[in-house]
Amino acid sequence: WTNVTGEQTLCDWTTMVSVGCSHLEEMSKMGTDLPRTEFYKITQAPISLSESRDCWCMETEPILPEDRLFREGEEEEEGSPNAPHGMPREPLLAMTLQIVLPFLLAGFGTVSAGIALDVVQHWEVFKKITEIFILVPALLGLKGNLEMTLASRLSTAVNVGKMDSTSEKWNLIIGNLALKQVQAAVVGFLAAVAAVILGWIPNGGFQLSHAVLLCSSSVATAFTASLLQGIIMVGVIVGSKRKGINPDNVATPIAASFGDLITLGILAWISKGLYSCLDSRPYVSGLVCVSLLSVTPLCVAIASRHPASRALLYSGWEPVITAMVISSIGGLILDHTISDPNLAGIVVYAPIMNGIGGNLVAIQSSRISTYLHFHSTPGEVPEEARGCYQPWRTFCGTGVNQRSAQVLLLLVVPGHVVFLFVIHLMKSGHTTLSPIFMGVYLTVALLQVFLLLCIADWMVHFIWSKGKDPDSFSIPYLTALGDLLGTALLAVGFRILWVLGDGDSDVGD
């Protein structure tokens, strides 16, 4: 091993790692700049799970070492073992087809969730404990906080070759699934607390039994739905890799396609079951909540065995919890909008608006993140993304990210038209598809996705410039903002429709 001073040292790899880490810490304290090539020699060393506990391991460590970064204009020599692992080149048609099919599948999933919410809003538990509506965006947003983040992380790992090794692949999968269960249990509990507080502020009070039921329903829903969706998500990503499909294009929409319906169905049935036991066996709700939270330490122990997931146990909470709070504010808007009989029609369209916006921006975020992993190192933003942000940078140009943004924005209007007519054919919804309604609704949808794509372009590059991994930080914020923007803009749109005399909330009730 050659250290940064040029001295030759003969030692085994365990000694090299511990000495290297100590030397890095000393140089960091002294303010000395470490040459990048030496940094990668140390950070890319094969640290075992037990020994890595004695050495700091950052979640922001680059996935690709510098000698494998792909720069624009470089040519790959086929058959060369030292050729850079170049970013896969996608024809526009192939990219569009890979995005459209999962997008439609995800859209039909959100349509199903909207129709289901339209049905369960009439159940007694939803009428008596209206704070459940505050939980809906926060729990449905778990697909953005957890499922889509998992999909984005594993998709990037697949694209850069981190899952080629069987042992490394299963370490990544098991560590990330365990981490996701910890986050699901904690976020589910905090979402219930937020729902109780947000419900108490306008009403001036709450019942303890209802608060316990909210906590139990939220934790049980988050834990169960996260486990089911995580297993399916892993299968989708591994299957995409084997079939030669870019998982960045399909993983996040497929995560959303079944995520909304599964989560909403579990929430409705668990809430209904616990509500039926509220008078006869009131202890059941508390027992369910305590039992699921008691499993969390086991998941923490499993997640801590892999360096990447262990790092996220400490650094991955800020975006998840912040996104939950943002989604809960959207849930408060939904709760108050549904309580207005003149705006009752919003209930079936809110999951569709929020889900589609979140799906599209998650695809773009995942693609930009993969692009950055290939073309630069954390903390270094590509030349074309430097300087003050301008919206035209997101959509104007022939780069891979601009092309994908153009495709995603063009999908908004035809996609929503298809989903609106599906709702109409199924005799659901509370609003007639009049020209005024279609114009207002599609304008709201376009504005939401346009804003989200602009925010995604700025946010992913900003997070990368701070040396953090956008796969773990950007999607929770973006999908939560999608929930908030979608619900707020949709409420404004329905208010405009009512003022214009285009409201008929009794239709399909």
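A charge is said to sit over a ring if NZ of Lys or CZ of Arg is within 6 Å of the ring centre and within 35 degrees of the ring normal. In this predicted model, the charged end of Lys272 sits over the ring of Trp123, at 4.7 Å from its centre.

Rings also meet other rings, and the structure holds eleven aromatic pairs. In one of them, the rings of Phe437 and Phe494 have their centres 6.0 Å apart and their planes at 80°, and because planes over 60 degrees apart count as edge-to-face, this pair is edge-to-face. The pair links distant parts of the chain, since Phe437 lies in helix 18 and Phe494 in helix 19, 57 residues apart. Both Phe437 and Phe494 are buried, and together with Tyr349 and Tyr441 they form one aromatic cluster.

The helices named in this report span the following residues.

| Helix | Residues |
|---|---|
| Helix 13 | 317-338 |
| Helix 18 | 435-465 |
| Helix 19 | 470-499 |

The largest nonpolar core has 89 residues, of which Phe126, Tyr349, Phe437, Tyr441 and Leu490 touch the most other members. Leaving aside residues up to four places away in sequence, Tyr441 touches Tyr349, Ile352, Met353, His416, Leu420 and Leu490. A second, separate core has 13 residues, among them Leu150, Val158, Ile173 and Val238.

Helix 19 also packs against helix 13, at an angle of about 10° and with the axes 8 Å apart. Because angles under 35 degrees count as roughly parallel, helix 13 is roughly parallel to helix 19. Residues making this contact include Ala323, Ile326 and Gly330 of helix 13, and Tyr477, Ala480 and Leu484 of helix 19.

Key
Residues are numbered from 1 along each chain as its sequence is written. This is a predicted model: local features need pLDDT of at least 70, side-chain atom pairs count only at pLDDT 80 or more; totals for chains, interfaces and linings use all residues. Side-chain values use heavy atoms; hydrogens and water are left out. Rings of Phe, Tyr and Trp (its six-membered ring) pair if their centres lie within 6.5 Å; planes under 30 degrees apart count as stacked, over 60 as edge-to-face and the rest as tilted. Helices (H or I, at least four residues) and strands (E, at least two) are DSSP runs, numbered from the N terminus. Buried means under 20% relative accessible area, exposed over 50%, partly exposed in between (1.4 Å probe, protein chains only). A nonpolar core is a set of buried Ala, Val, Leu, Ile, Met, Phe, Trp, Tyr and Cys residues joined through side-chain atoms within 4.5 Å. Contact means heavy atoms within 4.5 Å. Axes are lines fitted to C-alpha atoms, for helices over the stretch in contact, and angles run from 0 to 180 degrees between N-to-C directions. Angles under 35 degrees count as roughly parallel, over 145 as roughly antiparallel, 65 to 115 as roughly perpendicular and the rest as oblique.
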